[in-house]
Amino acid sequence: MFDIDLISRHFLALYFLFIAVHYASTAIGLSSRTAQSHIQYGKKGSVTWWVRQVFNLFRGAILIVCIARVFFPIDPWLGVITPLYTPWLLSIGMVNMLASLGLVSYNHAYMRQDWRSGIDNDRNRNLLTKGPFSRSRNPMFLAIMLGQLGFFLTLPSLFTLVCLATGVAMIRLQASKEEQALQELYGDEYLQYQERVPRWFKWMPTR
């Protein structure tokens, strides 16, 4: 008989440890190949700079909490919502997180060296409008939010609820700022793209 509680604890610890290593190695590898940073914080004190700080704070806290849960009984401190802490919900949450990881990896592969984290003012890159970008103007953010929902389902608690609400709010704010920057960079081309493709998702891709 599987102990879903034990599985979910180790799953979360390994998942977020992998995410941390993956993003660090991806950024270092791309920087080594292109001789430029692919992580843009924006001007210090700006909205995008603060969004990045909040994300880093929560990412660090989540990683520490998930690893600590493997070794210490800290769930009461996290405000675990006991009625939601069921085998089925935990299983659905882990499936959601794996789906999110798959979508994020797919988007990374599709974007390749065009991937950026934050706002990049490089005018030499073509605007991506095909593949996952034909269904959503922000497919990476959409995949990340799916993972945030999965995290809450895998560990239903006040802590993960705050993480979910904060994460969605920060992503919506970041998406808005990035789209403003893209309008300035690409002008009418981006405005036409906005008319064809919604910010989050549509079922039928643009031909």
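Let's start at a pocket, the second largest one, lined by Leu103, Tyr106, Asn107, Pro132, Arg135, Ser136, Pro139, Leu142, Ala143, Met145, Leu146 and Phe201. Two elements give two or more residues each to that lining: α4 (87–111) and α5 (139–154). Helix α5 supplies the largest share, five residues. Sort the lining by class and you get nine nonpolar, two polar and one charged residues. The space inside comes to about 230 Å³. Keep in mind that this is a predicted model, so everything here is read off computed coordinates rather than an experiment.Now move along to helices α6 (residues 158–186) and α7 (residues 188–196). Their axes come within 6 Å and cross at roughly 130°. That angle falls in neither the parallel, the antiparallel nor the perpendicular range, which means α6 counts as oblique to α7. Which residues of the two helices meet? On the α6 side they are Glu179, Leu182, Gln183 and Tyr186, and on the α7 side Asp188, Glu189, Tyr190, Leu191 and Gln194. By class, this contact has four nonpolar, two polar and three charged residues.

Last stop: the aromatic rings. How many aromatic pairs does a search of the whole structure find? The count is six. One of them joins Phe11 and Tyr15, with 5.6 Å from centre to centre and 35° between the planes, a tilted arrangement. Both residues sit in helix α1 (residues 4–34), and they are four residues apart, about one turn of the helix.

Conventions:
Residues numbered from 1 in each chain as written. Predicted model: local features only at pLDDT ≥ 70, side-chain atom pairs only at ≥ 80, totals over all residues. Heavy atoms only, no water. Axes fitted to C-alpha atoms, helices over the stretch in contact; angles between N-to-C directions. Parallel < 35°, antiparallel > 145°, perpendicular 65-115°, else oblique. Contact = heavy atoms within 4.5 Å. Nonpolar A, V, L, I, M, F, W, Y, C, P; charged D, E, K, R; others polar. 1 Å grid on protein atoms, 1.4 Å probe; cavity = no way out; pocket = protein on both sides within 12 Å on 5 of 7 lines; lining within 4 Å. Points joined across faces, edges and corners; volume = space filled by probe spheres on them. Phe/Tyr/Trp six-rings, centres within 6.5 Å; stacked < 30°, edge-to-face > 60°.
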